[in-house]
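Open the model in your viewer and keep the selection tool at hand. We will go from stop to stop, and at each one you will get something to select and something to look for.

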Amino acid sequence: SVNDTLMRRLLRLAEKQLGPAPCPYAWLVFGSEGRMEQALITDQDNALVYEIGGEANAAYFADLARVVVDHLLAAGFPPCPGGYMATNWCKPLDEWLDLMSSWVTSPTPEGLMMVGIFFDFRAVAGSLSIEPMQQVILDAAGNQIFMAHVARQGLGFRPPLNMFRRIQAEDGMVDLKKGGIAPIVASGRVFGIKAGTRARPTRNRFEAAIGAGLISEDLGTTVIETYRFLLQLRLTEQLEVLRRGGEPGNKILLKGLTSLEHRHLKDAFGVIRELQERVGTAFQVSLLG
């Protein structure tokens, strides 16, 4: 909520500096901000879509994107390492629709990576309706090959459990994002698309999947609680690192956990394995070869 308010304020300041926008636009955010799941570590994941193309409009909105992104940098939001910011992703609506449609109809590795980023979009400012972009996602649910590819992409995140169901640590550390949070987010995204929900938060996507009969209520609610546990564990660790004057990250020291936390973490990774098995079956990932 704080970040959304800041974004709207910066856009008002930018319009005051540059003059009124020549046509309706929408400022989009992606990733954890798009899902409203930001924590202490966050960078910029944003884009800009405007109603009508043309050189004059393109120039204005390029300036708008530059001003806002620069202000976000000044406010402490680092640039996205992958360059997914409005300074690079500023297009008229028709170009956005063509691009998103191509990701669905011709699922390439690069396009699927874009889906994993941009299909979490939501508008935080501007008067332009992004319903046509939302409709592309809703229509994608009927494309079985595309859905299988999206599901398989999410299965690339594996929980760090060995064959004996013991947690595998690297240098004594476990990456909660790669091993736990990311696979749940990816599974929630593909289930959310199939369920036809417009919701972006992972919890709401799983609730929609339960309602649509895509996942059992028992597994769905367990995944939601598992996700809550992983987020809380990560946030607790990040706050402790900050108190020690360190730089917060996504890794935790396995030996630093209590026996109860260790057991819950192992159970959480087991739930994710079960979830991924359900994803693979539900979207017939094996047919892709």
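The tour below has four stops in this predicted model.

**Stop 1: helix α4**

Start by selecting residues 93-105, which form helix α4. The helix has 13 residues, and from its first C-alpha to its last it reaches 18 Å, close to the 18 Å expected at 1.5 Å a residue.

Now colour the buried residues of α4: Leu 93, Trp 96, Met 100, Trp 103 and Val 104. How wide an arc do they cover around the axis? The arc is only 100 degrees, so these residues are on the same side of α4.

Next, turn to the other side of α4 and show Asp 98 and Thr 105, which are exposed there.

To see what the buried residues of α4 pack against, add these elements to the view:

- the strands β2 (46-50) and β3 (90-92)
- the helices α5 (109-118), α6 (131-140) and α7 (144-154)

**Stop 2: Gly 172**

Move on to Gly 172, in the loop between α7 and β5 (173-175). Is this glycine buried or partly exposed? Gly 172 has a relative accessible area of 30%, so it counts as partly exposed.

Which residues does Gly 172 touch, not counting those up to four places away in sequence? Select Ile 252, Leu 253 and Leu 254 to see them. While you are here, draw a distance between the C-alpha atoms of Gly 172 and Gly 256: they are 84 residues apart along the chain, yet separated by 9.5 Å.

**Stop 3: Ala 182**

Select residues 176-195 to bring up helix α8, and pick out Ala 182 within it. Ala 182 counts as buried because its relative accessibility is 14%, and the cut-off for buried is under 20%.

Leaving aside its neighbours within four places in sequence, you will find Ala 182 in contact with Phe 157 and Lys 177. For a distance across the model, link the C-alpha atoms of Ala 182 and Arg 243: 26 Å separates them, with the two positions 61 residues apart along the chain.

**Stop 4: a nonpolar patch on the surface**

Finish by switching on the surface and selecting Leu 40, Leu 235, Leu 239 and Leu 242. Together these leucines make a nonpolar surface patch of about 300 Å².

Zoom in on Leu 242, which is found in helix α10 (residues 217-243). Its relative accessible area is 41%, so Leu 242 is partly exposed.

Note on methods
Residues are numbered from 1 along each chain as its sequence is written. This is a predicted model: local features need pLDDT of at least 70, side-chain atom pairs count only at pLDDT 80 or more; totals for chains, interfaces and linings use all residues. Side-chain values use heavy atoms; hydrogens and water are left out. Patches are made of residues with over 30% relative accessible area and no salt bridge: like charges are joined within 9 Å, nonpolar side chains (Val, Leu, Ile, Met, Phe, Trp, Tyr) within 5 Å. Accessible areas come from the Shrake-Rupley method with a 1.4 Å probe; for residues, only the protein chains shown count as cover. A salt bridge is a side-chain nitrogen of Lys or Arg within 4 Å of a carboxyl oxygen of Asp or Glu. Helices (H or I, at least four residues) and strands (E, at least two) are DSSP runs, numbered from the N terminus. Buried means under 20% relative accessible area, exposed over 50%, partly exposed in between (1.4 Å probe, protein chains only). The expected span of a helix is 1.5 Å times one less than its number of residues. The arc is that of the directions from the helix axis to the C-beta atoms. Contact means heavy atoms within 4.5 Å.
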